[in-house]
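Visitor: Please show me the model, and let us then discuss its helices and strands.

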Amino acid sequence: FFATYPFRVQKIFSYLGISLGTLFFSSFILAIYPANAIAIYLITLALLTCFAVSIITKNNSQNSIILTCVLLGCFSLYAQWGIGQFILQHDLGMYRLGESVLNQNISGIASFYIGSDKFIRSYGPFAHANSFGGALLLGIVLLYKNMSKLQSRLFAQSIFFILSLGIITSFSRTALIGLVFMSLLLLVRKKSWLLVPVVVSGLLFTSLFFYRSFDSNSVAAHDRLEGLTWFSNIE
């Protein structure tokens, strides 16, 4: 998002990427960090991806739209993955692709209770439901940024609905706040036709949001308050 923005942010992002890449590779050379194969592969892949994106977005606007649609397609697959997990209340068995093992007997899993019934939140291919919700929110930001370039109204509405439903089933508070903020921006841009199915879905999940917010088994608020207390006691 920042790399393709046609302003000073693009130059800052380029310098930052070069600096971080140099830092990572020098840490391998100096043996500060173990130079395992998967780490080198991922960093090299990230740098080549950034290089490819910069070339595509500079040379051809049509290629930029194609890249955007491909990325939105990937985000929508993530969303459907997570929605399937929430419906089935367990993982889909795709562990080789990085999926976490999900079932109601695992302690510490992102979930909430309705009475004595435990409900697992959507994870998708990520390690936590909050990461899943954050990734889908980035997809919505990407869709919002390129809304005027997409010719198909049905495509934009379908992607927005799928990504929004994925965020809803993640029950990530931060991602939900981001979704509300992006919805307000769409209202300002008079894109209310995008919001109708999302609002209906949100209303259907209202009772679940209530149970999630006031779950007596949740330790998130307690942990945050305890961390704040530790921080305030640091001398």
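Visitor: Which residues in H6 do Phe-160, Ser-164, Ile-167 and Ile-168 in H5 meet?

Guide: This is a predicted model, in which local features need pLDDT of at least 70, side-chain atom pairs count only at pLDDT 80 or more, and totals for chains, interfaces and linings use all residues. Residues are numbered from 1 along each chain as its sequence is written, and side-chain values use heavy atoms, without hydrogens and water. Helices are DSSP runs of H or I with at least four residues, strands runs of E with at least two, numbered from the N terminus. With contact meaning heavy atoms within 4.5 Å, the four residues of H5 meet Ala-175, Leu-176, Leu-179, Ser-183 and Leu-186.

Visitor: At what angle do H5 and H6 pack?

Guide: Axes are lines fitted to C-alpha atoms over the stretch in contact, and angles run from 0 to 180 degrees between N-to-C directions. The axes of H5 and H6 are 9 Å apart, and the packing angle is about 150 degrees.

Visitor: Why is H5 roughly antiparallel to H6?

Guide: Angles over 145 degrees count as roughly antiparallel. H5 is therefore roughly antiparallel to H6, because the helices pack at about 150 degrees.

Visitor: Which residues of strand S2 are buried?

Guide: Buried means under 20% relative accessible area (1.4 Å probe, protein chains only). Side chains alternate along S2, residues 117-120, with Asp-117 and Phe-119 on one face and not buried. Pointing to the other face are the buried residues, Lys-118 and Ile-120.

Definitions and conventions:
Buried means under 20% relative accessible area, exposed over 50%, partly exposed in between (1.4 Å probe, protein chains only). Angles under 35 degrees count as roughly parallel, over 145 as roughly antiparallel, 65 to 115 as roughly perpendicular and the rest as oblique.
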